[in-house]
Amino acid sequence: MSTSGVVATQAVAEPAKCDVRCVHVRAELDRAPSVGETALVSFEVKSDVDLKAVRIDADVPGIARWNTVPDGLSVTEVSSRVPTDFEKVGRAGTTMDLTAGQTVRFRGAVTAAGAGTLLLTVRAVAPVDPQVNSDTFVAATTIGADQQSSYLGSRAETGATSRLPDGAKATRATPWLTPSAASAATLPKPHSDDPPRAAQAAPVCATGSWNYRDHTGTFRPAANFLVEAWDDDFGPDDLLGVALTDGNGGFRLCFPNDDGSGGADVYLKFVAQNGSWGVEFDDDPYNFRTATMDDAGDGRTLQFGAQQPTDPRYMRAVEAFDHINSASDWTPGDCWDADDHDCRRVDFNWRWDYNPSINHYDQDDDEVHLRANAPDFRSIVVHELGHAVMDDVYNDNFPTANCPSPHFIERNSGANCAWTEGFPDWYQAAVFNDHEYRADTFAVELENVTWGEPGWDNGDVVEGRVAGALLDLADTHNEPYWDTRSENPYTEIWQTFLRFRSSNFAEFWRQRGQAGFDVGAEPLGVLYQNTIDYGFREPLGDYQTRVRPAPGQNQPHRYRVDTNVFFWSVVALRPPANADYDLRLYDDADLRSLLAVSVAGQGEVDFIAIDSNQGGRPPGDFYPEVTHVNGTGDYRIQFANGAHLLAPQEKVTMGENNVVVARDHCVEAGTKFTVTATPDNASQDAQLFVMSSDGSRPVIATRAQAAASSTGHGPGEAETVEFTAPGPALDCYSVVLVNKAGNGTYTISVS
């Protein structure tokens with residue numbers, strides 16, 4: 001193999017159809033050099049489409065230097081960590097045009113300058129649509145002081161393993177939602193420098209489980225952890241097989257027993273890494289080595305048992321890994337972005353003595369940085385993962401958040417910040433089915449908070465309100481008053497998230513509607529429960545009663561009613577005895593066309609009646625509004641809408657939550673009639689009205705505009721109204737019975 005040169009091949013066949021990624025990069029080293037030695041490097045870039053000015057860079061870190069820079073590349077950037085006596089170090093790159101189906105190959109050589117993990121990073125980035133027209137590949141090699149301590153792959157083990165104590169049993173921290181959600185696409189491939197045996201040997205298997213002790217002292221299994229089986233040789237060790245632990249931390253690896261010296265000397269490594277995530281420090285994933293079982297016999301099963309890290313300092317690394325696994329189990333699709341084919345791996349940088357100023361996700365290197373105690377708090381770990389998931393789904397086009405520093409879950413931080421922080425707040429809550437966000441110095445309830453919550457700001461500029469709205473849309477724990485929905489979070493919420501890029505929650509909500517998902521009264525009510533008002537008008541059906549808390553001083557409650565018959569209809573509001581709330585009625589949802597206002601006073605029932613008989617107001621939609629004057633406490637609001645004529649005598653049962661009954665009474669002009677409402681027990685307090693729209697009175701009228709009324713006799717006593725129809729012809733009047741207090745049966749009679 002030549003150590004330099006570039007070879008370009010032009011495909012003759014039709015180029016592959018570009019799907020998610022149009023550019024593909026691969027790189028490798030031919031060997032693991034020890035300090036002072038040289039390894040050959042080869043990498044290639046392939047494009048599925050015609051692209052102009054593609055930037056190709058190969059980065060060599062400070063522990064190595066370019067021995068031979070590939071033809072066509074030049075060193076453009078020198079790492080500040082590199083000793084000054086090295087010249088060919090840092091980034092070698094070029095810019096070139098690529099045609100559809102073209103593969104460009106580069107070959108060079110690097111010399112190891114110091115011990116550690118060498119991460120050769122190759123990138124190809126096009127200036128147009130870089131989210132799809134780019135790719136990055138990292139080739140890892142461990143450089144040791146000699147050949148025996150050098151090998152392809154990451155640095156040697158972090159620490160040793162030991163068996164769980166006798167009788168200890170590991171239990172999962174969260175339910176196992178799916179058998180395995182981690183990608184196995186990038187697991188290392190077995191390799192060996194031993195000559196094959198003449199006869200095929202029966203394979204050797206290794207079984208056991210991988211576990212940890214969490215911050216509460218409970219033993220837990222670690223799922224989707226990488227397990228490597230190695231043959232301990234005099235020279236470089238051979239990688240015999242790899243697997244991922246299952247949902248209970250268990251594994252079974254089988255591999256040929258090709259060691260020519262009496263059977264493989266097998267040890268295992270548990271590596272905190274898979275194709276979807278890893279836990280590491282300074283690019284070195286945590287990995288733990290078992291003791292060696294020597295001279296494995298053909299066909300033997302090696303029982304390694306239930307293993308855990310020996311050093312308790314590393315338990316948190318495995319606990320963080322397990323929190324991420326819970327999120328992977330919950331997240332739909334094979335990748336964090338279900339629309340991806342090549343899964344992005346999110347790495348978490350953590351160490352027991354590492355304390356960045358804050359836990360955070362770094363958009364530049366797609367890596368989460370965790371403070372030393374962060375793994376004790378699953379909310380923190382998965383919240384930061386939520387940022388990474390959003391960055392992945394948005395193809396590295398993360399919204400500009402403009403978050404204040406510090407920012408708080410309960411406070412106004414701006415619309416964009418509330419979305420980019422509120423979504424991860426919800427994500428961690430959804431993963432663990434837990435409506436609290438817990439951290440080292442605080443715990444915040446996300447769900448059971450609504451209007452008037454002390455210490456909380458309102459609206460879609462508050463991340464906790466955004467998180468609470470998403471929670472209430474999907475969960476089955478529906479709290480009063482407006483949380484009535486339980487949708488599948490994998491459809492409406494997640495599909496909208498995948499299909500659109502949202503800068504704030506209002507934009508997400510518009511896009512949800514564009515996707516064909518429900519943005520009507522019920523989901524709007526859920527948002528309103530979380531103080532996000534996007535035009536919520538709570539529907540009131542025929543004789544439906546709503547019991548609602550006091551409206552805020554500057555936050556009225558708004559409803560929608562639909563008259564659908566050519567009769568009178570009435571909407572009525574009953575406040576508590578020590579409060580005064582007023583009732584308004586509008587003609588339009590934007591509340592610009594005011595039709596009537598009822599201001600009955602403290603403890604009195606406000607109502608507005610609508611005449612939809614011939615000559616009145618045609619049936620249609622109307623919008624009541626309840627406003628606060630003084631006092632506090634729950635009120636009742638009810639809409640009486642139906643084709644009901646007053647009988648000579650009828651009994652009407654009204655419970656404590658029933659406010660109003662309306663009956664049409666149609667008579668000729670000049671007819672005098674008397675209506676009496678008689679309660680059957682002393683708790684009932686009736687009020688009786690006759691409504692008329694004879695020209696001198698409006699077709700939409702308040703109780704103060706009634707043609708006749710009787711309200712003063714008090715609980716347990718009958719109310720009687722006498723009325724003479726003014727004419728000039730047959731007309732229909734509304735008899736309105738208001739239940740000011742109590743429950744029982746009223747007898748209504750007319751003569």
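pLDDT is the predictor's confidence in each residue, expressed from 0 to 100. The structure described here is a predicted model, and its pLDDT averages 89 over the protein, with 90% of the residues scoring at least 70. Two segments fall outside this picture of confidence. Over residues 1-16 pLDDT stays under 50, and the model has 37 contacts beyond four places in sequence for this segment. Residues 78-88 likewise stay under 50 in pLDDT, with 14 contacts beyond four places in sequence.

The nonpolar interior was examined next. In soluble globular proteins, nonpolar side chains tend to be buried together. The largest nonpolar core of the model comprises 91 residues, and the members with the most contacts inside it are Leu385, Trp426, Tyr427, Leu470 and Phe505. Helix α3, spanning residues 415-432, supplies the largest share of this core, with nine residues. Another core, of 30 residues, lies apart from it and includes Ala58, Ala64, Phe106 and Ala139. The surroundings of phenylalanine 505 were also resolved by residue: once neighbours within four places in sequence are left aside, phenylalanine 505 is in contact with Trp419, Asp460, Val466, Ala469, Leu470, Leu527, Ile532 and Tyr534.

Strand pairing was analysed around β3. This strand covers residues 38-47 and is mostly covered, seven of its ten residues being buried. Strand β2 (residues 23-29) runs antiparallel to β3 and is joined to it by seven bridges; within this pairing, valine 45 of β3 is the bridge partner of valine 25. Strand β8 (residues 103-112) is also antiparallel to β3, here through nine bridges. In the pairing with β8, phenylalanine 43 stands opposite phenylalanine 106. Phenylalanine 106 is also among the residues of the 30-residue core.

Electrostatic pairing was then surveyed. A search of the whole structure yields 35 salt bridges. One of them connects aspartate 57 with arginine 55, the closest N and O atoms lying 3.1 Å apart. The two partners differ in accessibility class, because aspartate 57, at a relative accessible area of 10%, is buried, whereas arginine 55, at 27%, counts as partly exposed. A further salt bridge is formed between the side chains of arginine 313 and aspartate 311, with an N to O distance of 2.9 Å. Both of these partners count as partly exposed, arginine 313 at 38% relative accessibility and aspartate 311 at 23%.

The side chains of lysine 672 and glutamate 722 also meet in a salt bridge, at 3.9 Å from N to O. This pair links distant parts of the chain: lysine 672 belongs to strand β39 (residues 672-679) and glutamate 722 to strand β43 (residues 719-724), 50 residues apart. Relative accessible areas of 55% for lysine 672 and 52% for glutamate 722 place both residues in the exposed class, because that class begins over 50%. Salt bridges also occur as a network, in which Arg485, Glu487, Glu492, Arg512, Asp518 and Glu522 are linked.

A polar contact in a loop was considered separately. Serine 693 is located in the loop between β40 (685-691) and β41 (700-702) and is buried, with a relative accessible area of 16%. Its side chain makes a polar contact of 2.4 Å with the side chain of aspartate 611. Beyond neighbours within four places in sequence, serine 693 is in contact with Trp568, Asp611, Pro698 and Val699.

Backbone geometry was also inspected. Serine 405 and proline 406 are joined by a cis peptide bond with omega about 0 degrees, and proline 406 is placed in the loop between α2 (378-393) and α3. The peptide bond from proline 480 to tyrosine 481 is likewise cis, with omega near 20 degrees; tyrosine 481 lies in the loop between α4 (463-474) and α5 (492-499).

Positive phi values were found in residues other than glycine. Aspartate 282 has a phi of about 50 degrees and lies in the loop between β19 (277-281) and β20 (284-285), where aspartate 282 counts as partly exposed at 49% relative accessibility. For tyrosine 543, phi is near 55 degrees. This tyrosine 543 is found in the loop between β28 (538-540) and β29 (545-548), and its relative accessible area of 25% makes tyrosine 543 partly exposed.

Note on methods:
Residues are numbered from 1 along each chain as its sequence is written. This is a predicted model: local features need pLDDT of at least 70, side-chain atom pairs count only at pLDDT 80 or more; totals for chains, interfaces and linings use all residues. Side-chain values use heavy atoms; hydrogens and water are left out. A salt bridge is a side-chain nitrogen of Lys or Arg within 4 Å of a carboxyl oxygen of Asp or Glu. Buried means under 20% relative accessible area, exposed over 50%, partly exposed in between (1.4 Å probe, protein chains only). Helices (H or I, at least four residues) and strands (E, at least two) are DSSP runs, numbered from the N terminus. Contact means heavy atoms within 4.5 Å. A nonpolar core is a set of buried Ala, Val, Leu, Ile, Met, Phe, Trp, Tyr and Cys residues joined through side-chain atoms within 4.5 Å. A polar contact is a pair of N or O atoms within 3.5 Å; within protein, one must be able to donate a hydrogen and the other to accept it, and residues adjacent in sequence count only if both atoms are side-chain atoms. Two strands pair if DSSP finds at least two bridges between them.
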